[in-house]
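Open the structure in your viewer and follow the selections below in order.

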Amino acid sequence: MSETAVRAEDILAEIQANLLECKVCFEKFSIQKRDHTARNLPCGHVLCLKCICALSHPENQRLECPFCRKPWDVGSTSECYALIDLQELLLSEACPRLYDRVMGWTESLGSGTLHLRSAFGGWGTVVNPSGMAVSETSGKIVLVHDGEKRVAVFDAQGTHLDGFGRYGHNPSDLCHPLDVALTKCGHVVVTDAGDQSVKVFTSQGRPMAAIRDSFRLPWGVDVDARGRVLVTDAEMGTLSQVVIDFSRGVVLVTRVVFKELRCPRSVASCKASGNIAVVERFQAGFTASCLRIFNSDFVPLAQVDSFALNLKNSLSLSISSVVFDINGDVIVGDSRNGMVWSLGKPQTTPALTPLVSGLLRPVALAATTMNVLVVLDGGDHAVKLYAADKDDLYCEK
Amino acid sequence: SRILRIFLAQPFNVSDRRHIQISPSYRAPEYCVYSQDMVVFRFGVILTPESSDVEVLVLGSRPEMGHWDPARAVQMNPSRPVPSACEPCLWTGDVHLSEPNTDKLWFKFIKRVDGNYIWEGNGPHHDRQCVYDDSNMVDGVYCHPIGHWIEETGHTDEMKHTTNFYFSIAGQQAIHFSQVLPRVWLGSCPRRVEHITLKLKQELGVTAVMNFQTEWDVINNSHGCRRDLSQPMTPETITHLYKDCGLSYIWIPTPDMSTEEESRMSHHELWALFHTIKLILIHG
């Protein structure tokens, strides 16, 4: 299934531009005007009659084809019936008139709000979820919540597939998970704030490794393009990088890469550019937030605080989660307004584009390889999938 | 725990419930000629659906409300896109009624499950009446007070549904809450230490808590909030836990179904309550 559906209007525009105009004088071929009719040269190239007369020698009535330089007699040209017929067809009533139909705002691609394609979950199936990750390879959606099995795995259609991790303090348990990330091979990395640890499980839920004694309030977790784990600690104000040998289940390195962050929470890594985004929430006023963006070497690139956004846009945002889309644009969840916004490229002035509205409390975001935005709404315990093209609603993937 | 009735003003979300299809509840607005003499009547019902595919409609005596023909009933919209079979949900529906619209009208809520209609109650004696009351006009819309679904027995079984919902929360050892105002959350009691130390304090950013549980409630439902499980559970356990976390805490034990006189607070508690609200406002 093609991701970018080519529309009829695009094809018609192409035909008009490339086939139905003379490539020498760039005037449209005309059925009515005699000297602008399309004429064939024996070599196959097409010109309008006016150009043929202009290019031919006044005395011997011969001309060189401007495209292939083959010499021909003017008399050996003929009407190009194929193009004449095509033009007649396009001008007929049966064909949709180009430029007469104005694109509706909600139809135009690449701007405005995304459409809700499907939603699943609800209280009972999902209980106070706090983090989510989507598998690049299988499209499975993994979330962590306060249910009996703290890690829940769903397929993209919302069917509950698997669950593991009961409440407790054993290696296979999860006390109070806050966020989850997936590696390329399907390993599950969970921050357990109740246990002050970061735990690694196989895709089946078997405990593989745990990092204790390094964290006080491990909150956000993500895996970068090179398989390294990024963890924020909201109490210590740090961003750490953990290198794990997933094949052996051994933690190789745990190091702090950035300090003195103010209550850092959600963290996201851009697969394309290697950039990293961290959401900070200030203790003084819990709705005040700040977004920090670093490059892959943890050099600060940009900082977007709610005060600056308020000044420029007269809007108060409460950034609760962050993700990068396939183009590397920064996408944030806003729990104050129940919306998801795109802030654009990291190093440009943030331009607020609303993508989704009508949410209660977006706690986690993910972007799939099919360019679907997945939103985890903590307010109604549901996973909601949004896409730009409404046509995709009726296609089975 | 105290059962409080609050009109939860939720945004009207008209969106998908089923995957890959538009929800059957979604109905494109019909275009009709509006005149100044038409008034929008809004009806609401709370019920726990059998599944997330259940459609809810309102059917009544007026022609605009279907004239008792289920095929012409007015579709209602759930207040959230994924109604759960474990949690009561609010459905609302708007109808344009032309003049005269102050006469008494009768109506029922109906459900459609797999193409079958299920009517409220078991006969016309369970019909609902809408008697015009000017105080129900809100911003130009007549908002008929929200009701609970009437079961076949003729009762709303509100107690049974509330109890089922309560047991589903207790069974999961979970905490359930909703934001009712920008700075006010309303919910069930915490059942684990982490509900207070992490969920309330860190994730939601709560700075003050008002607890209406009786002593019996605290001991029997919140015993999981002990850091040391070898110690017996007392109301002080909760008080100390909130204090450790730096959250303001007010305990107003209120037995269920207590009358206004019985739940009257002492002057001291009232002062502490207002003081707390100030704290909530400042820290918000």
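Select strand 24 of chain A, residues 330–334: five of its five residues are buried in this predicted model. Colour the two faces separately. One side carries A:Val330, A:Val332 and A:Asp334, the other A:Ile331 and A:Gly333, and both sides are covered.

Next, add strand 23 of chain A, residues 319–324. This strand runs antiparallel to strand 24 of chain A and is joined to it by five bridges. To find one such pair, pick A:Ile319, whose bridge partner in strand 24 of chain A is A:Asp334. Then go to the hairpin of these strands, with five residues between them, and select A:Gly328, where phi is positive, near 90°.

Now add strand 25 of chain A, residues 339–344. Strand 24 of chain A is antiparallel to strand 25 of chain A as well, with five bridges joining them. Here A:Ile331 stands opposite A:Ser342. Four residues lie between the strands of this hairpin, and A:Gly338 in the turn has a positive phi of about 65°.

Move to helix 1 of chain A, residues 8–19, and select A:Ile15. A:Ile15 counts as buried because its relative accessibility is 18%, and the cut-off for buried is under 20%. Leaving out residues up to four places away in sequence, A:Ile15 touches A:Leu20, A:Leu86 and A:Leu90. Draw a distance from A:Ile15 to A:Leu86: their C-alpha atoms are 9.5 Å apart, with the two residues 71 apart along the chain.

Finish in chain B with helix 2, residues 193–204, where eleven of twelve residues are buried. Among them are B:Val193, B:Ile196, B:Leu200 and B:Leu204. After the helix comes B:Gly205, with a positive phi near 75°.

Technical notes: Residues numbered from 1 in each chain as written. Chains lettered and ligands numbered in written order. Predicted model: local features only at pLDDT ≥ 70, side-chain atom pairs only at ≥ 80, totals over all residues. Heavy atoms only, no water. Buried < 20%, exposed > 50% of the residue type's maximum accessible area, 1.4 Å probe, protein only. Helix = DSSP H or I, 4+ residues; strand = E, 2+ residues; numbered from the N terminus. Contact = heavy atoms within 4.5 Å. Pairing = 2+ DSSP bridges.
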